[in-house]
Amino acid sequence: RKTVLSDAALAELDAVEKAVKDAIVEIRTIARGLSLPDIGRRSVEEIVRDLAEAHGGRTGQPVAVAVAWDGSAEVPEPVKICLYRVVQEGLTNGWRHGGGQGQEVRLALKDWVLRVEVLDRGPGFAELPPARGEEGDDMGLAGLADRVESLGGRLELANRTDGPGAELVVVLDLG
C-alpha cells in the first residue's frame, strides 16, 4: 500500500484484498463441514441431513431429505465416505446445472440394499454424461462412479420420470 500512488491502484488493491478474504471465508466454511474423521461416528442419516443443511445454507435453497430406514444396519466407514462424496457432488452438480430447483436427497435401506438418490427439478440431462471421464480423471462423476464401483455398487444417472429434473442414484449391497 505504501508504494501505490494512485487512487485507482488503491481501489484495485482493495478489491483484490476483499476477494482473497472472501475466498478464505469460503474455504473455512467448506472446511467446517463434516470432516471425514467424524464420519465414522455418525449415522448415514446424520451425514446426509448435515450435507443437505450445509448445502442449503450455502445456496439459500432448502434441500428436502427423505429417509426410509430404521437405522439398525451397521454401515462401514468406506461406504459412509463414498456416500458423503456422492451426495456432496450430486447436490453441487444439481445446483450448478439444474439451477438448484427442487433439490432433494432420498436415503433408503431395504433387505441390506442401500439406495441414495440425489434429485433436482432443473431441466435434466440434454444428453447423459459418459460413464467415464478422461484417463486420470478422479473428480466429478467419473470419480464417483469409480468410488461406488470399488465398493461393489453402481451409480446411475438419468432424467426423472416424474417430471423435469435429473437424478443421481447409488445402490450398494451391504449384505
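This briefing describes a nonpolar core and two buried positions in a predicted model. Local features require pLDDT of at least 70 and side-chain atom pairs count only at pLDDT 80 or more, whereas totals for chains, interfaces and linings use all residues. Residues are numbered from 1 along each chain as its sequence is written, and side-chain values use heavy atoms, with hydrogens and water left out.

**Nonpolar core**
- The largest nonpolar core (buried Ala, Val, Leu, Ile, Met, Phe, Trp, Tyr and Cys residues joined through side-chain atoms within 4.5 Å) has 31 residues.
- Two or more residues each come from α3 (44–59), α4 (77–98), β2 (104–110), β3, α5 (140–150) and β5 (166–173); helices (H or I, at least four residues) and strands (E, at least two) are DSSP runs numbered from the N terminus.
- Helix α4 gives the most to this core, with seven residues.
- Among the residues with the most contacts inside the core are Leu-83, Val-87 and Leu-168.

**Val-116**
- Val-116 lies in strand β3, which spans residues 113–119.
- The relative accessible area of Val-116 is 0%, so this residue is buried (under 20%; exposed is over 50%, partly exposed in between; 1.4 Å probe, protein chains only).
- Not counting residues up to four places away in sequence, Val-116 touches residues including Leu-83, Val-87, Val-105 and Leu-168 (contact means heavy atoms within 4.5 Å).
- Val-105 is 11 residues from Val-116 along the chain, with their C-alpha atoms separated by 7.1 Å.

**Gly-98**
- Gly-98 is found in helix α4 and is buried, with a relative accessible area of 6%.
- Gly-98 and Gly-122 are 24 residues apart in sequence, yet 3.9 Å apart in space, C-alpha to C-alpha.
- Beyond four places in sequence, Gly-98 touches Asn-93, Asp-120, Gly-122 and Pro-123.
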